[in-house]
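Colleague: I am new to reading protein models, and I would love a close look at one single part. Could you pick a pair of packed elements and walk me through it?

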Number of protein chains: 2
Amino acid sequence: MISVDEARERILAGLAPTASEIIPLAAAWGRVSAASVTARLTQPPQDVSAMDGYALKASDGPRGAVLDVVGNAPAGHPWHGSLATGQALRLFTGSFVPTGADSILLQEDATRTGARVTVNETAVPGRHIRRAGQDFAYGDVLVPAGKRLTARDIGLIAAGNHPWVSVHRAPRVAILATGDEIALPGEPIPPGGIVSSNSHALAALVRAGGGEAVVLPIAADDRAAIAAAADGAKTCDILVTTGGASVGEHDLIQEALGARGLVVDFWKIAMRPGKPLIHGRLGEIPLLGLPGNPVSSLITAILFLVPALAVLSGLPAAPPPVSQAKLGADLAANDHRADHLRARLTLGADGTPVVTAFGKQDSAMLRMLAESDALILRPPHAPAAAMGTLVPIVRLDTLGL
Amino acid sequence: MISVDEARERILAGLAPTASEIIPLAAAWGRVSAASVTARLTQPPQDVSAMDGYALKASDGPRGAVLDVVGNAPAGHPWHGSLATGQALRLFTGSFVPTGADSILLQEDATRTGARVTVNETAVPGRHIRRAGQDFAYGDVLVPAGKRLTARDIGLIAAGNHPWVSVHRAPRVAILATGDEIALPGEPIPPGGIVSSNSHALAALVRAGGGEAVVLPIAADDRAAIAAAADGAKTCDILVTTGGASVGEHDLIQEALGARGLVVDFWKIAMRPGKPLIHGRLGEIPLLGLPGNPVSSLITAILFLVPALAVLSGLPAAPPPVSQAKLGADLAANDHRADHLRARLTLGADGTPVVTAFGKQDSAMLRMLAESDALILRPPHAPAAAMGTLVPIVRLDTLGL
């Protein structure tokens, strides 16, 4: 059995980012940039006013001075003259500052009378002027390659004058659930059977991680059926199976796909829940064989598949984001397997998050996992920890997982 | 001018959740449940084995006992007999425990010889048995109404045997950018003009908040053009405008839409950036008039539009999630307007997030906003705060905003 960290490193090391594609900027939210985006213009293109008011020469504007208003220049309607001594130009936020002017008099500090304006607050050189390029200059990198694009990035790319963006193709993930006993929701349930939840939960998790799920038909616990279903993964970036890893005395996945050329890297991780996890490669396609148990399947997917989706998407290889919280109740010492305790988060009096593990951690309790806000990470041989101790957690609530 | 909190309360009070629609479970990730989802079956449906091994009567299983193996029952292939004294049934994780049995002997604690099995570890009543309904019982609420569905919820709804889910319709948000000076990315830029970034950033933010954006054509700074463009919002749940709130001496939005029956609730908030913000109602449609400045537009959208999308989606009325971080540098005292400082987050040595405001907070610097991880919330008249002080922040990085 290998450690969680080693398993993740080996899984991620076998993955490469998808190729890039060109998409409209309007479709780019949440996608990962495949190339850096550079500014196609300078913003602002010239010095502009930061306020509504009057452009003038500061040396013309001691308190009490009266200037001639020679024009009116709303944003988008620049005034093309040059300001002479004793002159002022009416302008607004975003208006170009005309040549000859070096200061802006706020409209609330001015008294307008016909074509003249009185200065009520001595002008200061440079005041209320935004310099050309203050936001960015032509050629500046606005967004680096390999960044998941936020709404703010989309705005910045638009401001940089790009209608199209180059992004990594969303990873396609084939999901193959196996088992004689499972049925799709709403379909007849075989005797002794249960409804398949893994494929649906995993497909949602793939979507949360920015991928596209291809849910293959359920395969019976039969070598030929599993091998045939797995052929459906041929145009996908990764094949994820659930179940079949330890069916009676058999490891059906290894047996079925062995005939198709499966090369196994490892198949056991020192963790709970979810010890049996196959990592390998089926020809060109990386394979992640998750446990059939729904809780184990989802937790191993959060620990390994979500980071795998990130790497396939062009993001750096990394574990799920870990933060800290104070224990709301004591924890016993852990054994040799890394544990992932389902837990609730609350906010302590001082604003620190407080995390409390559910009392029963049975890996068949899907409802409890759904009600969890976080997983408490318990490393192998972690000593007992008292209430109030800071422990590492993975938040599930904020990521839609 | 009203406070940020009062503005948000008034905006949210005018909104109602969208009606519900039925969608396939496979499309339900990130949607908000419109009704509670109850279990259509009991899980597990009967007592099942938690491990691979043998079912037996505990009273038959002192260490050293030898039992007759009367059958083999993989998960999905239940054995329909009743176990008699001296008998054991080979079964596996998830197999139904037969009548007559009350304990599971682990396969690693058993020695199998032909049709007999020797007990190597004394059996304990109830051990390794998952009781019927341990996860949930028929009729239990699996997911309440008004919850944004995670991948785990999707799995749980599947396990509860639902192929369809009732969710709130995704809110439709009409976005209307106004201004003589703005052009779409890649289109010819008028003299003195800039590229429109607001519509695109807001559309992405609507998507991040679970809504659908309808980006209306850009309207010139002209009453008739603005009124005509706003008619495009008729089938939307909310109309968001940007710009036009203070164009020269005019408030074009109020003037243009006043003729269409706009009723204004308020139009100024004591905040920075983004003082001019119109809230009102255009006939049936709530209107949010955001500032034209890209940074002000995005920050007011994060503070007001994202919570509005939540309410329209069927979630509770709430401000954006606020957490705490330690100041990485001193902050000056604040004036009478609530401020929202663009800032970077790092992780302190003790694991607490550290937040450091950018030195220059000009509201025209979109790139700096895109590079920010968080906004530091500075209430009106907040006193100066020294490095190390805990301050409230809104994280932008984790929400795709």
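Colleague: Is the crossing in which α1(B) passes α6(B) left-handed or right-handed?

Modeller: Happy to help! Please keep in mind that this is a predicted model. The crossing of α1(B) past α6(B) is right-handed. To find the two helices, look in chain B for α1 at residues 4-13 and for α6 at residues 294-312. Their axes lie 10 Å apart, and the helices pack at an angle of about 30°. Angles under 35 degrees count as roughly parallel, and α1(B) and α6(B) are therefore described that way.

Now zoom in on the residues that meet. From α1(B) come B:V4, B:A7, B:R8, B:I11 and B:L12, while α6(B) brings B:L303, B:F304, B:P307, B:A308 and B:V311. Sorted by class, this contact has nine nonpolar residues, one charged residue and no polar ones.

Let us step back to the whole model. A turn of 180°, with a shift of 0.0 Å along the axis, lays chain B on chain A with an RMSD of 0.1 Å. The two copies are thus related as by a two-fold rotation axis. Of the interface residues of chain B, 100% are also interface residues in chain A, so the copies meet through the same surface.

Chain A itself has seven helices and 26 strands. Along the principal axes, its C-alpha atoms fill a box of roughly 95 × 50 × 40 Å. The radius of gyration of chain A is 31 Å, whereas a compact globule of 401 residues would have one near 21 Å.

Notes: Residues are numbered from 1 along each chain as its sequence is written. Chains are lettered from A and ligands numbered from 1 in the order in which they are written. This is a predicted model: local features need pLDDT of at least 70, side-chain atom pairs count only at pLDDT 80 or more; totals for chains, interfaces and linings use all residues. Axes are lines fitted to C-alpha atoms, for helices over the stretch in contact, and angles run from 0 to 180 degrees between N-to-C directions. Helices (H or I, at least four residues) and strands (E, at least two) are DSSP runs, numbered from the N terminus. Angles under 35 degrees count as roughly parallel, over 145 as roughly antiparallel, 65 to 115 as roughly perpendicular and the rest as oblique. A crossing is left-handed if the near helix is turned anticlockwise from the far one by less than a right angle, and right-handed if clockwise. Two residues are in contact if their C-beta atoms, placed from the backbone, lie within 7 Å. Ala, Val, Leu, Ile, Met, Phe, Trp, Tyr, Cys and Pro count as nonpolar, Asp, Glu, Lys and Arg as charged, and the others, Gly among them, as polar. Copies are superposed by least squares on the C-alpha atoms of residues with pLDDT of at least 70 in both. The radius of gyration is taken over C-alpha atoms; the globule rule is 2.2 Å times the number of residues to the power 0.38.
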